[in-house]
Amino acid sequence: MSGASAPLRAAVRLLDPRTWLHLLKIANFYGYAHVEQRRRLRTGAGLRMSPTVSIRNGERIVMGREVHIGERCALWAGDATGRITVGDHALLGPDVFITASNYATTWGAPVMYQPKREADVVIGSDVWLGVRVTVGAGVVIGDGAIIGAGSVVTRDVPAGAIAVGAPATVVGWREGAPRPATAQGSA
């Protein structure tokens, strides 16, 4: 069929039952990873969330008022206890990944069969997570912090800090933000 016209190739694809089976798989996944989970979220007024957001264990996710969650973000609360809390006016850029769960890493057993280690994640109010930021289990990001694009947050970030990198480190402070006593004179 390499010499067939474009309309004929399109018609053959549309008549192929595998096309429709794949469409059903996508619809099922979307229902599981977004629609069903979104009903379980506890949210404040004014939530703006892309329809491409992936959510796990939505009953353990709480979002404040006027939160914006960009395209292709993933918010994965733990299966048993790990919670995700997002404060008011938080802004998550595209492709942000937040997880409250991680696997153990004991040698001699496949990682996927090891017990999960769950720890709550807290994203403060007025926090901006840039494009493709990853936030790991147990992290607290203080109010007003900014996390630069592509950063991997593995430890707490103080309020008002600007952090970048993998792992994310504080490189500056928002203008007028109070600094912790240990941070006086920092970048």
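Is Arg 72 buried, partly exposed or exposed? I looked this residue up before anything else, and Arg 72 counts as partly exposed, because its relative accessibility is 49% and the class of exposed residues begins only over 50%. I keep in mind throughout that I am reading a predicted model.

**Entry on the overall form**

I went through the secondary structure and noted two helices and 19 strands in the protein. The radius of gyration is 20 Å, well over the 16 Å that the globule rule gives for 187 residues, so I wrote the protein down as more spread out than a compact globule. Taken along the principal axes, the box that the C-alpha atoms fill is roughly 70 × 45 × 35 Å. As one example of separation, I looked at Thr 19, which is found in helix α2, and at Ala 177: the two are 158 residues apart along the chain, and their C-alpha atoms are separated by 54 Å. Thr 19 itself counts as partly exposed, at 35% relative accessibility.

**Entry on surface and contacts**

I then asked how much of the protein is buried, and found that buried residues make up 36% of the 187 residues. The protein exposes about 10700 Å², and carbon and sulfur atoms supply 61% of that area. Turning to contacts with a separation of 6 or more, I noted that 21% of them are between residues 24 or more positions apart.

**Entry on charges and salt bridges**

I counted 20 positive and 14 negative charges, whose mean positions are 7 Å apart. Which salt bridges could I follow in detail, out of the nine that a search of the whole structure finds? I followed three, and I give them here one by one.

The side chains of Arg 40 and Glu 59 meet in a salt bridge, with 3.5 Å from N to O. This pair links distant parts of the chain, since Arg 40 is in helix α2 (residues 17-40) while Glu 59 is in the loop between β3 (54-56) and β4 (61-63), 19 residues apart. Arg 40 is partly exposed, with a relative accessible area of 36%, and Glu 59 also counts as partly exposed, at 32%.

For Lys 116 and Asp 79, I read 2.7 Å from N to O in their side-chain salt bridge. Lys 116 lies in strand β11 (residues 116-118) and Asp 79 in the loop between β6 and β7 (84-86), so this pair ties together parts that are 37 residues apart in sequence. I found Lys 116 partly exposed at 37% relative accessibility, and Asp 79 partly exposed with a relative accessible area of 48%. I added that salt bridges sharing partners join Glu 36, Arg 40, Glu 59 and Arg 60 into one network.

**Entry on Asp 95, returning to Arg 72**

The side chains of Asp 95 and Arg 72 meet in a salt bridge of 3.0 Å, N to O. Asp 95 lies in the loop between β8 (91-92) and β9 (97-99) and Arg 72 in the loop between β5 (68-69) and β6 (74-76), so the pair ties together parts that are 23 residues apart in sequence.

What else does Asp 95 touch, leaving aside residues up to four places away in sequence? I listed Glu 71, Arg 72, Cys 73, Val 131, Arg 132 and Val 133. I also looked up Asp 95 and Thr 134, which are 39 residues apart in sequence and 8.7 Å apart in space, C-alpha to C-alpha.

Terms used: Residues numbered from 1 in each chain as written. Predicted model: local features only at pLDDT ≥ 70, side-chain atom pairs only at ≥ 80, totals over all residues. Heavy atoms only, no water. Helix = DSSP H or I, 4+ residues; strand = E, 2+ residues; numbered from the N terminus. Rg over C-alpha atoms; globule rule 2.2 N^0.38 Å. Buried < 20%, exposed > 50% of the residue type's maximum accessible area, 1.4 Å probe, protein only. Contact = heavy atoms within 4.5 Å. Areas by Shrake-Rupley, 256 points an atom, 1.4 Å probe, with all protein chains shown as cover. Lys, Arg positive; Asp, Glu negative; His and termini not counted. Charge placed at Lys NZ, Arg CZ, Asp CG, Glu CD. Salt bridge = Lys/Arg side-chain N within 4 Å of Asp/Glu carboxyl O.
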